[in-house]
Amino acid sequence: MLYKTIVLAFLQQRTEMHEQLRKERKLLTTLELYARELKENHEKMTDLLSAIPGYEPSQIRSIAMELAIKQLEDRLPPVSPDQETLILDAAMEFIRNHTSRG
């Protein structure tokens with residue numbers, strides 16, 4: 001669910017893309033595709049970073065998520081600079097709140 005929430009937030013910030021996907025009835029399919037990619041990239045990054053000594057598992061997961069989100073963001077069309085900062089800040093805050101719980 002976390003992955004879909006993050007992807008949906010990114011799509012909603014790209015209003016033209018979101019609206020076109022909705023009109024073409026491809027929003028859910030696209031959301032699920034990007035969410036699956038985000039999850040797979042997060043898991044791959046977590047595995048790679050686990051080989052680095054000195055980090056707690058929660059730190060590794062957070063760093064891996066940040067990297068996976070950045071990869072996703074790079075694949076999507078750009079948004080205005082002001083919106084982009086707000087999106088990334090919101091995504092990082094969401095991740096911090098959910099990974100700090102354990």
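Lysine 39 is partly exposed, with a relative accessible area of 35%. I start there since lysine 39 is one half of a salt bridge, with glutamate 43 as the other half and 2.5 Å between the closest N and O atoms. Glutamate 43 is also partly exposed, at 37%. The two residues are four apart in helix H3, so about one helical turn separates them. As a general point, an α-helix has 3.6 residues a turn, so residues three or four places apart point the same way.

Before going on: this is a predicted model, and every value I quote is computed from it.

Now the overall layout. The protein chain has five helices and zero strands, and the pattern along the sequence is α-α-α-α-α. Of its 102 residues, 32% are buried. If you take the contacts between residues at least 6 apart in sequence, 62% of them join residues at least 24 apart. The chain exposes about 6900 Å², and carbon and sulfur atoms supply 54% of that area.

Back to H3, which covers residues 27-49. Helix H3 has 23 residues and runs 32 Å from its first C-alpha to its last, close to the 33 Å expected at 1.5 Å a residue. Its buried residues include Leu27, Leu31, Tyr34, Ala35 and Leu38, and further along His42, Met45 and Leu49. What covers them? Part of the answer is helix H1 at 2-13, helix H2 at 15-23 and helix H4 at 57-75.

H4 can be checked for length as well. Its 19 residues should span 27 Å at 1.5 Å a residue, and its end C-alpha atoms are 27 Å apart, so the two agree. The buried positions in H4 are Ile60, Ser62, Ala64, Met65, Ala68, Ile69, Leu72 and Glu73. Note that Ser62 and Glu73 are on that list.

Next, the core. The largest nonpolar core has 20 residues, and those touching the most other members are Val7, Leu11, Leu38 and Ile69. H1, H2, H3, H4 and helix H5, at 81-99, each give two or more residues to this core. Take valine 7 as an example. Setting aside neighbours within four places in sequence, valine 7 is in contact with Leu31, Tyr34, Ala35, Leu38 and Leu72.

Histidine 18 is in helix H2. Is histidine 18 buried or exposed? Its relative accessible area is 17%, so histidine 18 is buried, the cut-off for that being under 20%. With the same neighbours within four places left out, histidine 18 is in contact with Leu8, Leu11, Gln12 and Leu27.

Now the remaining charged pairs I want to show. The structure holds six salt bridges. One of them joins glutamate 32 to lysine 4, with the closest N and O atoms 3.8 Å apart. Glutamate 32 lies in helix H3 and lysine 4 in helix H1, so this pair ties together parts that are 28 residues apart in sequence. Both ends are partly exposed: glutamate 32 at 31% and lysine 4 at 35%.

Another salt bridge is between arginine 75 and glutamate 37, where the closest N and O atoms are 2.1 Å apart. Arginine 75 is in helix H4 and glutamate 37 in helix H3, so the pair ties together parts 38 residues apart in sequence. Arginine 75 is partly exposed at 48%, and glutamate 37 is partly exposed at 22%.

Then the loops. Arginine 25 sits in the loop between H2 and H3. Its phi is near 60°, a positive value in a residue other than glycine. At 75% relative accessibility, arginine 25 counts as exposed.

Tyrosine 55 is in the loop between H3 and H4, and at 41% relative accessibility it counts as partly exposed. Together with Ile52, Ile63 and Leu67, Tyr55 makes a nonpolar surface patch of about 320 Å².

Last, proline 78, in the loop between H4 and H5. Proline 78 is exposed, at 71% relative accessibility. How far is proline 78 from arginine 14 in sequence and in space? They are 64 residues apart along the chain, and 7.6 Å apart from C-alpha to C-alpha.

Key. Residues numbered from 1 in each chain as written. Predicted model: local features only at pLDDT ≥ 70, side-chain atom pairs only at ≥ 80, totals over all residues. Heavy atoms only, no water. Buried < 20%, exposed > 50% of the residue type's maximum accessible area, 1.4 Å probe, protein only. Contact = heavy atoms within 4.5 Å. Areas by Shrake-Rupley, 256 points an atom, 1.4 Å probe, with all protein chains shown as cover. Expected span 1.5 Å × (residues − 1). Core = buried A, V, L, I, M, F, W, Y, C linked by side-chain atoms within 4.5 Å. Patch = residues over 30% accessible without salt bridge, like charges linked within 9 Å, V, L, I, M, F, W, Y side chains within 5 Å. Salt bridge = Lys/Arg side-chain N within 4 Å of Asp/Glu carboxyl O.
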